[in-house]
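Let's work through a couple of exercises on the inside of a protein. Grab a pencil and take each solution step by step.

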Amino acid sequence: MAAVHGPLLWLAPLLCAAAAIPSVRLNNGVEMPIISAGTAGYNDSQAALAVRAALAGNVTAIHTAFDYFNLAGVAKGLEARPRREIFLASMTSPCVHDSPPARNVTDAGACEALTTRELESVLTSLNTTYLDLVMLHGPSEPFGYEGACSEAVCKLNSAQWAAYEKFMRAGKARAVGVSNYCQSCLECLSGTTPAVNQLQYHVGSGADPEALLSFNRAWGVNVQAYSPLASGAVVRDADVAKIAAKVGKSAAQVALRYVLQNGAKPSVVVKASKPAYLAEDLDVFDFELSAADVATLDAKTTPAGQQDGRPSWGCAA
């Protein structure tokens, strides 16, 4: 998730201590740091280094997933600080998934059982007894699907959600959420309202991509942005650079500030490959973009980022 600024060749303490990162209160009262450190794309050794470095830089929220295949490395990195000081978030995979772990489990009962096993596996692999947040990584649709959630897919989503609710009631998660869920997939779910919906959101997405920001806002669901720099493309954007020069910040800081200023109860997942980049990503709370600058960035349709600019890889509408 989020853009990588360069090769992961480092593990060093930051030159100065960072201020505490503000938190957002989720709809069940749990406090979550606004900025989380992502681990997608790292192998175990890289993930361990990245987690240790994030914790050294005062980023106490760590994000990973079952299908990042680096949970053991994340667990190693987490040893750097007491568990109670860390906000740990993970995800499990859909029951229909056409990339590793590839599977096509279409029976609702089997889907719920698979999800329960996967949740327990995440706890074991992370060497923890609970998660602060756990999210369904996407609806049970193949990558690139653009329609609404069908009745069959809704049944699978609901089966997974039932497993999540049981997991939370058992005290193994403090909050439960989703990722890449559009309106129709959210409407499938009954019972607990998701605390978080993690979506692709960055400059170039528009002010309210597919009306998902406003929809989640109305539901009281936190939108957590992944790929907030569009895999680095935002940093090279001329309009962002112009605003950055005017406000005395970097292009990355302007891009992150835009997401945090415009999202629905916003939060963001970042990845940084050097201590200086991490410090830069955290230094976004001492300025605001003007209404005119926000309007300029709202109007942009590039960069597109992943999945042709869509906020979800699994559904639309």
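**Exercise 1: the cavity lining**

Start with chemistry: the residues lining the largest cavity split into ten nonpolar, two polar and one charged. Here Ala, Val, Leu, Ile, Met, Phe, Trp, Tyr, Cys and Pro count as nonpolar, Asp, Glu, Lys and Arg as charged, and the others, Gly among them, as polar.

Keep in mind that this is a predicted model, where local features need pLDDT of at least 70 and side-chain atom pairs pLDDT 80 or more, while totals for chains, interfaces and linings use all residues. Numbering runs from 1 along each chain as its sequence is written, and side-chain values use heavy atoms, leaving out hydrogens and water.

Task: find what volume the largest cavity has, and which elements give two or more residues to its lining.

Step 1. The largest cavity has a volume of about 100 Å³. A cavity is a set of points on a 1 Å grid over the protein atoms alone where a 1.4 Å probe fits but cannot get out, and lining residues have an atom within 4 Å of a point.

Step 2. Of the 13 lining residues, A37, G38, A50, A54 and A272 are closest to the centre.

Step 3. The elements giving two or more residues are β3 (35-38) and α1 (44-56). The largest share, three residues, comes from α1.

**Exercise 2: the helix**

Task: work out which residues of α1 are buried (under 20% relative accessible area, 1.4 Å probe, protein chains only).

Step 1. List them: A47, A48, A50, V51, A53, A54 and L55.

Step 2. Look at their partners: these buried residues pack against β3, β4 (61-63), α2 (71-78) and α9 (275-282).

Definitions and conventions
1 Å grid on protein atoms, 1.4 Å probe; cavity = no way out; pocket = protein on both sides within 12 Å on 5 of 7 lines; lining within 4 Å. Points joined across faces, edges and corners; volume = space filled by probe spheres on them. Helix = DSSP H or I, 4+ residues; strand = E, 2+ residues; numbered from the N terminus. Buried < 20%, exposed > 50% of the residue type's maximum accessible area, 1.4 Å probe, protein only. Contact = heavy atoms within 4.5 Å.
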